[in-house]
Amino acid sequence: MNETERQVVPPEERFADELAFLAAWDPGQRPSGWRLTPKAVVTFVMGSGEDHLRLDAKAAGDLPKSLRIGPKYIGDRSLVERCVVTLAGDRGLLLVGEPGTAKSMLSELLGAAVSGTSTLTVQGTAGTTEEQLRYGWNYALLLARGPSPEALVPSPVLQAMRSGSVVRIEEVTRCLPEVQDALVSILSERRLAIPELAGEAAGTEFGRPGFNVVATANLRDRGVSEMSAALKRRFNFELVEPIAERAAEIALVGREARARIETAGVPYQVDEAVLDVLVTAFRDLRSGRSDEGWSIERPSTVMSTAEAVGVATALGIHSAYLGASRDPLSLLPGHLLGVVRKDDPLDQGRLLGYWDAAVKRRSEAGARLWRQLWELRSVIEG
């Protein structure tokens with residue numbers, strides 16, 4: 001299946017040229033089992049800025065002699081460096097933060113750069129079983145032959161141990177405590193006992209060099225299944241925060257929305273000024289304070305960058321498929337209301353309060369687009 005036949009292409013395939021280039025660009029010492037050096041991993045995630053990295057003719061081979069590495073994660077470089085150091089030291093990494101702060105994307109990029117794969121993943125839910133973290137059985141083979149290596153169905157964790165790769169565990173705190181505890185011995189001893197195969201050579205699986213765990217957890221899900229102290233001790237925690245710089249967030253939302261819309265095979269038609277208003281509204285409601293210093297009542301819903309990308313994409317899709325008869329800005333209040341009302345119906349009133357405060361003040365100051373938004377207040381009233 002080629003890229004055009006898939007909705008999502010994993011980063012190790014999407015950025016295969018960059019990964020191959022970086023492997024040749026920095027031939028320095030690599031942690032055992034790693035595809036790239038730690039320096040190259042950070043460069044892959046954060047990009048090379050305006051610089052074009054260069055290879056000498058001997059190292060280049062079929063690769064380009066120079067390449068600019070584009071940024072993929074917009075955030076604190078020191079955070080990424082700490083994450084890479086954690087993995088290089090064979091410590092489990094736990095990325096925590098509000099929903100929509102790109103924790104999953106960062107874990108994918110780290111898996112792709114370190115191991116060449118980001119697809120070894122366990123999605124944590126209340127229904128996740130211990131088998132999904134350890135192993136299961138092909139019951140037809142189990143009944144026919146009894147416990148045997150052939151009948152064993154390895155989990156993504158076991159596959160990562162065998163191949164020396166990074167395994168990703170999404171929303172680990174949504175797993176039940178007994179499921180989480182299956183990770184304790186795996187992280188501390190780097191081995192997995194299979195009692196059913198006690199008489200076999202495969203009775204104990206050992207993690208190969210490069211094996212590690214990157215988990216994510218949403219701060220708002222902390223109460224679902226609190227992690228045990230034993231499991232916490234086996235992770236290094238890193239807080240992933242919302243994008244600090246407004247311009248960087250606008251650029252990211254525009255880039256991601258454009259990529260999604262163009263994947264659908266239609267042109268991107270969202271004006272930069274509309275993106276500016278969209279991201280500004282999200283940042284105001286997320287932080288509880290405008291750039292001008294006005295206090296704003298925050299809704300209970302997380303106004304994340306990921307949600308902003310979703311709204312920008314929806315505006316672009318509407319323009320592409322349903323015609324340009326409606327200005328994308330006129331659609332923004334309805335989409336904002338849809339985002340805000342997800343958790344608490346009272347948040348509609350908070351959004352109205354935002355309209356009567358920040359939107360109205362900007363309108364009165366003469367900002368044309370904010371004046372248009374103010375005139376659309378009736379959409380928020382529902």
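Start by selecting Tyr-354: setting aside neighbours within four places in sequence, this residue is in contact with Thr-280, Ala-281, Asp-284, Leu-285, Ile-296, Val-359, Arg-362 and Trp-370. Keep in mind as you go that you are looking at a predicted model.

Now widen the selection. Tyr-354 and Leu-351 are the residues with the most contacts inside the largest nonpolar core, which has 39 residues. To see where that core comes from, colour helix 13, helix 14, helix 15, helix 16 (328–340), helix 17 (347–364) and helix 18 (368–375); each of them supplies at least two residues. Which helix gives the most to this core? That is helix 14, with eight residues. There is also a second, separate core of 33 residues, and you can pick it out by selecting Ala-160, Val-172, Leu-183 and Val-184, which are among its members.

Next, go to helix 13 (residues 246–263). Its 18 residues reach 26 Å from the first C-alpha to the last, close to the 26 Å expected at 1.5 Å a residue. Show the side chains of Ala-248, Glu-249, Ile-250, Leu-252, Val-253, Gly-254, Ala-257 and Ile-261: these are the buried residues of the helix. What covers them? Turn on helix 14 (272–287) and helix 15 (305–321), which are included in that cover. Before leaving, click on Gly-265, just after helix 13, where phi is positive at about 85 degrees.

Now move to strand 7 (residues 166–170). Five of its five residues are buried. In a regular strand, side chains alternate between the two faces of the sheet. Look at one side of strand 7 for Val-166, Arg-168 and Glu-170, then at the other for Val-167 and Ile-169; both faces are covered.

Bring in the strands that pair with it. Strand 4 (residues 121–123) runs parallel to strand 7, and the two pair over three bridges; select Gln-123 and you will find Glu-170 as its bridge partner in strand 7. Strand 10 (residues 212–218) also pairs with strand 7 in the parallel sense, over four bridges. Here, Val-166 stands opposite Asn-212.

Stay with Val-166 for the last stop. Its backbone nitrogen lies 2.8 Å from a polar atom of the side chain of Ser-115. Select Ser-115, and you land in helix 6 (residues 103–115). Is Ser-115 buried or exposed? Its relative accessible area is 6%, so Ser-115 is buried. Apart from neighbours within four places in sequence, the contacts of Ser-115 include Arg-35, Gly-164, Ser-165 and Val-166.

Terms used. Residues numbered from 1 in each chain as written. Predicted model: local features only at pLDDT ≥ 70, side-chain atom pairs only at ≥ 80, totals over all residues. Heavy atoms only, no water. Buried < 20%, exposed > 50% of the residue type's maximum accessible area, 1.4 Å probe, protein only. Polar contact = N/O pair within 3.5 Å; in protein donor to acceptor, adjacent residues only side chain to side chain. Contact = heavy atoms within 4.5 Å. Pairing = 2+ DSSP bridges. Expected span 1.5 Å × (residues − 1). Core = buried A, V, L, I, M, F, W, Y, C linked by side-chain atoms within 4.5 Å.
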